[in-house]
Amino acid sequence: MKTIQKSDLQEALLVCKGAFYSAAGFSMIINFLMLAPVIYMLQLYDRVVPTSNESTLLMLTLIMVALFITSGILEWVRSQILVRVSTRLETLLNTRLFDIAYKQSLFSGGQRASSQPLDDLTALRQFMTGNGLFAFFDAPWMPFYVIVMFIFHPWYGWAAIFTSILLTIIAIINEKATKQTLTDANSLAMSGRALVNNNLRNAEVVESMGMLNNIRQRWQGNSHKVLGLQSSASSKAGMITSLSKTIRQMSQSLILGVGAYLVIQQEITPGLMIAGSVLLGRALAPIDLMIGTWKGFIAARGQYKRLNEVLISWPADEEKMPLPDPEGRLVLENIVVTPPGSKTAVIKGIDLIIEKGDSVAIIGPSGSGKSTLARAMLGIWPVTNGKVRLDGADIFTWDRIELGPHIGYLPQDIELFEGTISENISRFGEVDSTQVVYAAQMADVHEMILKLPEGYDTIIGSPTGMLSGGQKQRIGLARALYGAPKLIVLDEPNSNLDDIGEKALANTLLRLSQQKITTIIITHRNSVLSQIDKLMIINEGVLNAYGPREQVLAAVQQKIKEQAQAMQAQQASTAK
């Protein structure tokens with residue numbers, strides 16, 4: 001028998017089911033108490049007014065007021081229960097969804113960077129505390145009111161059933177008429193927000209090349225489609241809501257006419273005539289409210305579905321056994337790497353060993369797979385074949401939180417986070433000033449930081465913390481060196497550096513080599529090769545050469561010489 005997998009959202013709702021049962025219980029009592037004004041009215045018309053009994057009027061009024069106060073308190077308690085449930089759901093799921101949003105960005109190379117799962121959770125939580133959900137708690141008690149109306153008179157009961165069926169049909173029509181349109185509108189709105197976020201991240205490019213009008217027109221085209229779909233859905237929903245409201249109000253008035261006829265026929269009392277109209281309005285109120293809040297319900301249903309899908313698609317990481325601190329020996333066992341979202345392998349069967357303390361430069365033409373190889377070495381991108389082993393263990397078996405302090409990484413596109421320079425260097429952990437300064441000195445950036453207006457307390461992105469590309473790169477290097485990691489990978493660390501920065505980088509590489517820290521550097525510049533022990537050359541994802549620097553350079557020069565001689569021989573042969 002196939003077991004249906006439950007998502008974390010479904011599990012969280014099961015954890016909260018006791019609270020939902022409590023809310024349903026309070027709804028039952030509240031709906032019983034809603035009979036109080038009907039009974040009060042009935043007693044006034046049929047007992048108090050005919051007898052002019054003031055003491056009965058006083059007692060009935062006091063009882064009615066007490067019941068209303070009780071109902072109000074219960075309504076407040078029910079709302080607080082749902083607020084607590086929504087808050088608990090947020091607490092149970094927000095960490096998982098934050099991790100999922102992070103992983104989606106990580107495994108898509110930043111192409112799917114979005115906070116949509118967290119936004120869906122927030123919107124679903126808000127729906128749970130709104131009036132729309134209360135309607136679903138109250139709707140099951142509609143048969144109770146219908147039974148009471150049958151007790152008043154069978155005509156009342158049948159009138160309530162007929163009107164309820166009519167409003168239910170209208171609700172179904174509302175669902176069919178607006179569901180797909182609103183779903184399409186929500187999907188387009190999500191893609192539009194992603195487009196805006198991407199454009200904002202590239203504001204400098206847009207502004208410098210006068211692309212704003214073109215980008216705005218593209219955004220407006222998407223926005224107009226969303227507005228058109230939403231307007232269409234709102235127009236249909238508005239018409240159906242108006243029809244529902246008209247039918248409900250008309251039915252309440254018509255039942256008064258029915259009641260008047262029954263009074264004339266002396267089948268009911270005048271009090272029952274009024275009470276029947278009030279009770280019918282109460283019975284139909286949940287259906288009317290559901291129709292009015294249907295747009296929010298459809299949005300919440302979409303959010304629930306997306307959360308379920310994303311939670312099942314991205315299961316929680318299993319707890320991994322702690323491993324000893326790594327020393328920095330890296331082994332690639334015939335690895336093949338296909339970037340996430342692609343079907344074409346970029347790294348094709350690379351097999352090599354990087355010993356502890358080695359400093360290795362990876363060189364090759366643009367697009368040869370150098371950055372992809374670096375991501376595989378760090379365990380950022382999975383391999384489709386082979387293994388990447390750090391100190392003998394598959395790097396994907398390491399707990400990333402435990403492994404992180406032993407890894408230093410400077411990506412090609414360096415980004416610093418909002419916060420102080422010291423927080424950025426310390427990776428937003430507890431700021432150890434000694435370690436921060438040591439990492440900055442290792443990166444030869446200590447003096448540069450001290451010259452900033454607030455020194456290490458300078459806030460990145462503030463007017464006093466506007467840094468150049470080279471300054472960001474050097475601070476990013478200090479972050480990579482923080483905590484004395486055992487394996488350091490630097491992807492184009494000198495792409496934004498001036499002569500001073502180049503010299504500082506060379507000093508850093510020398511210190512790392514002296515401390516026997518495994519260092520891998522990807523570069524297009526030959527200026528740093530003098531500080532490197534080994535050289536790796538890759539082309540089109542294939543390892544062409546790997547070994548001691550001088551040996552590899554000699555082999556490359558010999559190959560170039562042989563190619564030149566072969567070309568000269570071919571030219572001479574052609575000339576003859």
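Let me begin with Trp 155, which is partly exposed, because its relative accessibility comes to 45%. I should say at once that this is a predicted model. The ring of Trp 155 pairs with that of Tyr 261: the centres are 5.9 Å apart and the planes stand at 0 degrees, so we call this pair stacked. Two distant parts of the chain are linked in this way, since Trp 155 belongs to helix α8 and Tyr 261 to helix α10, residues 212-264, with their positions 106 residues apart. Tyr 261 is likewise partly exposed, at a relative accessible area of 41%.

Let me stay with the aromatic residues for a moment. How many aromatic pairs does a search of the whole structure find? The search gives six. One of them joins Phe 150 and Trp 158 in an edge-to-face arrangement, with 5.3 Å from centre to centre and 85 degrees between the planes. Phe 150 is partly exposed, with a relative accessible area of 28%, and Trp 158 is exposed, with 55%. Elsewhere, ring pairs connect Phe 32, Trp 141, Phe 144 and Tyr 145 into a cluster. A charged side chain also meets a ring: Arg 375 lies over the face of Trp 381, 4.6 Å from the ring centre.

Let me return to helix α8, which spans residues 154-201 and includes Thr 163. Is Thr 163 buried or exposed? Thr 163 counts as buried, because its relative accessibility is 6%, and the cut-off for that class is under 20%. Apart from neighbours within four places in sequence, the residues in contact with Thr 163 are Ile 247, Ser 251 and Leu 284.

I turn now to helix packing, and to helices α4 and α5. Two packed helices are described by the angle between their axes and the distance between those axes. For α4, residues 54-106, and α5, residues 116-128, the angle is about 170 degrees and the axes are 8 Å apart. The two helices are therefore roughly antiparallel to each other. On the α4 side, the residues making the contact include Leu 82, Val 85, Leu 89, Leu 93, Leu 97 and Phe 98, together with Glu 90 and Gln 104. On the α5 side, they include Pro 117, Leu 118, Leu 121, Arg 125 and Met 128.

Next, the strands. Six of them form an open sheet with mixed pairing, in the order β6-β7-β8-β3-β9-β10. Which strands stand at the edges of the sheet? They are β6, residues 407-410, and β10, residues 542-548; each has a single partner strand, so one side of each is left without a neighbour in the sheet. Direction ignored, neighbouring strands of this sheet are turned against each other by 15 degrees on average.

At the β10 edge, the partner is β9, residues 534-539; the two run antiparallel and are joined by six bridges. Within that pairing, Lys 534 stands opposite Pro 548 of β10. Helix α18, residues 469-481, packs on the sheet and touches both β6 and β7, the latter being residues 487-491. The direction of α18 makes about 165 degrees with that of β6.

Strand β1, residues 330-337, has pairings of its own. With strand β2, residues 347-354, β1 runs antiparallel and shares six bridges. One detail of that pairing is that Val 336 has Lys 348 in β2 as its bridge partner. With strand β4, residues 385-390, β1 pairs over five bridges, again in the antiparallel sense. Here Val 331 has Arg 389 of β4 as its bridge partner.

I shall end with two points of backbone geometry. Most residues other than glycine have a negative phi. Where, then, is Ser 52 found? Ser 52 lies in the loop between α3, residues 35-51, and α4. Although Ser 52 is not a glycine, its phi is positive, at about 55 degrees. Ser 52 counts as exposed, because its relative accessibility is 60%. The second residue is Ala 484, whose phi is also positive, near 50 degrees. Ala 484 sits in the loop between α18 and β7, and with a relative accessible area of 39% Ala 484 is partly exposed.

Technical notes
Residues numbered from 1 in each chain as written. Predicted model: local features only at pLDDT ≥ 70, side-chain atom pairs only at ≥ 80, totals over all residues. Heavy atoms only, no water. Helix = DSSP H or I, 4+ residues; strand = E, 2+ residues; numbered from the N terminus. Buried < 20%, exposed > 50% of the residue type's maximum accessible area, 1.4 Å probe, protein only. Contact = heavy atoms within 4.5 Å. Phe/Tyr/Trp six-rings, centres within 6.5 Å; stacked < 30°, edge-to-face > 60°. Lys NZ or Arg CZ within 6 Å of the ring centre and 35° of its normal. Pairing = 2+ DSSP bridges. Axes fitted to C-alpha atoms, helices over the stretch in contact; angles between N-to-C directions. Parallel < 35°, antiparallel > 145°, perpendicular 65-115°, else oblique.
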